[in-house]
Amino acid sequence: MTDDHRHCDDLFAESELAVAAGNAQAAIAAFGHFRLATLAHFDSEEKTLFPTFEAKTGMTMGPTQVMRMEHAQMRTLLDEARDALAAGNRDDFLGIAETLLIMMQQHNMKEENVLYPMCDQHLPGETPELLARLETELAEA
């Protein structure tokens with residue numbers, strides 16, 4: 001899943017480059033790709049990874065709850081940024097994108113340094129099958 005974070009980061013950077021170049025259509029398209037990839041990432045975690053972790057550990061009020069709340073906040077920002085681009089409001093987009101970038105960086109650090117290692121610790125027997133399911137879900141998105 002860390003590799004998918006990097007993939008989403010790359011797509012986000014493409015949209016920022018298109019905005020900086022003043023190419024509105026390319027920015028809309030690039031941000032659309034980033035948005036869909038990010039939503040697919042959230043969905044695969046919420047549908048597969050988090051429930052598996054919660055079932056194994058019994059922890060439903062811990063890190064997965066925080067991640068779900070942050071996903072909801074970022075979904076809102078993704079929609080607001082998309083709408084700002086569609087309306088041609090570059091300044092609004094840039095402000096929202098800055099907030100989104102900071103939130104994504106903090107979120108990814110929590111997942112990569114806390115949640116994913118906890119998954120590795122508590123789900124060693126399930127890891128190969130779980131990763132295969134996650135990869136399939138992301139590929140189908």
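Helices here are DSSP runs of H or I with at least four residues, numbered from the N terminus. By that reading Glu70 is found in helix 3, a helix this report comes back to below. One thing to keep in mind throughout: the model is predicted.

**The whole chain**

Let's start with the big picture. The protein has five helices and zero strands, so along the sequence the pattern is simply α-α-α-α-α. For 141 residues, a compact globule would have a radius of gyration near 14 Å, and the protein comes out at 16 Å, which agrees. If you'd rather think in box dimensions, the C-alpha trace spans about 50 × 25 × 20 Å along its principal axes.

How much of the protein counts as buried? Of the 141 residues, 40% do. The exposed surface adds up to about 7,500 Å², and carbon and sulfur atoms supply 56% of that. Contacts reach a long way along the chain: taking pairs at least 6 apart in sequence, 74% join residues at least 24 apart.

On charges, there are 10 positive and 25 negative side chains. The centres of those two sets lie 4 Å apart.

**Helix 3 and what covers it**

Helix 3 covers residues 63-86. Its 24 residues, at 1.5 Å each, should span 34 Å, and the end C-alpha atoms are indeed 34 Å apart, so expectation and model agree. Just after the helix, Gly88 takes a positive phi of about 75°.

Quite a few side chains here are tucked away. The buried residues of helix 3 include Met67, Met74, Leu77, Leu78 and Leu85, along with Pro63, Ala81 and Ala84. Polar names turn up in that list as well, among them Thr64, Glu70 and His71. What covers these buried residues? The cover includes helix 1 (2-20), helix 2 (24-57) and helix 4 (90-122).

Three residues of helix 3 deserve a closer look. Thr64 sits in this helix and is buried, because its relative accessible area is 0%, under the 20% cut-off. Leaving aside neighbours within four places in sequence, Thr64 is in contact with Phe50, Phe53, Glu54, Met59 and Leu115. Thr38 is 26 residues from Thr64 along the chain, and their C-alpha atoms are separated by 17 Å.

Glu70 is buried too, with a relative accessible area of 9%. Not counting residues up to four places away in sequence, Glu70 touches His107 and Lys110.

Lys110 comes up again with Val66, which also has its place in helix 3. Val66 and Lys110 are 44 residues apart in sequence, yet C-alpha to C-alpha they are 9.7 Å apart in space. Is Val66 buried or partly exposed? At 31% relative accessibility, Val66 counts as partly exposed.

**Two residues of helix 2**

Now over to helix 2, where His41 lies. His41 is buried, with a relative accessible area of 3%. Which residues does His41 touch, not counting those up to four places away in sequence? They are Met1, Asp4, His5, Glu111, Tyr116 and Leu138.

Ala30 is found in helix 2 as well, and at a relative accessible area of 10% Ala30 is buried. Leaving aside neighbours within four places in sequence, Ala30 is in contact with Leu11, Glu14 and Ser15.

**Spacing in sequence and in space**

Here are the C-alpha separations side by side, for anyone who wants to check them in the viewer.

| Pair | Apart in sequence | C-alpha to C-alpha |
|---|---|---|
| Ala30 and Ala18 | twelve residues | 7.7 Å |
| Val66 and Lys110 | 44 residues | 9.7 Å |
| Thr64 and Thr38 | 26 residues | 17 Å |
| His41 and Thr57 | 16 residues | 22 Å |

His41 and Thr57 make a handy contrast with Val66 and Lys110: the first pair is 16 residues apart in sequence and 22 Å apart in space, whereas the second pair is 44 residues apart in sequence and 9.7 Å apart in space.

Technical notes: Residues are numbered from 1 along each chain as its sequence is written. This is a predicted model: local features need pLDDT of at least 70, side-chain atom pairs count only at pLDDT 80 or more; totals for chains, interfaces and linings use all residues. Side-chain values use heavy atoms; hydrogens and water are left out. Helices (H or I, at least four residues) and strands (E, at least two) are DSSP runs, numbered from the N terminus. The radius of gyration is taken over C-alpha atoms; the globule rule is 2.2 Å times the number of residues to the power 0.38. Buried means under 20% relative accessible area, exposed over 50%, partly exposed in between (1.4 Å probe, protein chains only). Contact means heavy atoms within 4.5 Å. Accessible areas come from the Shrake-Rupley method with a 1.4 Å probe; for residues, only the protein chains shown count as cover. Lys and Arg count as positive and Asp and Glu as negative; His and the chain ends are not counted. The place of a charge is taken as NZ of Lys, CZ of Arg, CG of Asp or CD of Glu. The expected span of a helix is 1.5 Å times one less than its number of residues.
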